[in-house]
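Work through these short exercises with the model open. Try each task before reading its solution.

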Amino acid sequence: MTRETLTAARDSVCGAFGVLPGLLYNATTGPLVREAQRHLAQYTLQPVAALLAEEATAKLGQPVAVDVMQPLQAYDAGGRARAAAGVVRALAQAKEAGVDPAMALKLVDWED
């Protein structure tokens, strides 16, 4: 049971530090890696970066911003392109059906 104990311990340590344990498995694929990176950045690194920026602002007397999320968006360019295409397609269908696109956007809080 050494292997199982080691795996459970590793998973617990990963979880304590905000790293999804699946990131360390041999069978992990690209989508899980992207989600794990996003999870780590959003829930662990960005709060630490916000504290660091707050302290730097206080010490330097100038506004300081530290953003760890922006670089991750490059990994999901394909997903963003598909989402944008879906929105454009939905707006075109709404216009064909006689639905006001402005009203449709308002329903999802995307007011212009």
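Contact means heavy atoms within 4.5 Å. This is a predicted model, where local features need pLDDT of at least 70, side-chain atom pairs count only at pLDDT 80 or more, and totals for chains, interfaces and linings use all residues. Residues are numbered from 1 along each chain as its sequence is written, and side-chain values use heavy atoms, with hydrogens and water left out.

**Exercise 1.** Place Thr 44 and list what Thr 44 touches, not counting residues up to four places away in sequence.

Solution.
- Start with the element: Thr 44 sits in helix H2, residues 30–60. Helices are DSSP runs (H or I, at least four residues), numbered from the N terminus.
- Next, the contacts: Phe 17, Gly 18 and His 39.
- Then a distance: Leu 20 is 24 residues away from Thr 44 in sequence, and the C-alpha atoms are 11 Å apart.

**Exercise 2.** Classify Thr 44, Gln 46 and Ala 16 as buried, partly exposed or exposed.

Solution.
- Take the cut-offs: buried is under 20% relative accessible area, exposed is over 50%, and partly exposed is in between (1.4 Å probe, protein chains only).
- Thr 44 has 23% relative accessibility, so Thr 44 is partly exposed.
- Gln 46 has 19%, so Gln 46 is buried.
- Ala 16 has 63%, so Ala 16 is exposed.

**Exercise 3.** Which residues does Gln 46 touch, not counting those up to four places away in sequence?

Solution.
- Locate Gln 46 in helix H2.
- Read off the partners: Ala 41, Val 66, Asp 67, Val 68 and Met 69.

Note on methods:
Helices (H or I, at least four residues) and strands (E, at least two) are DSSP runs, numbered from the N terminus.
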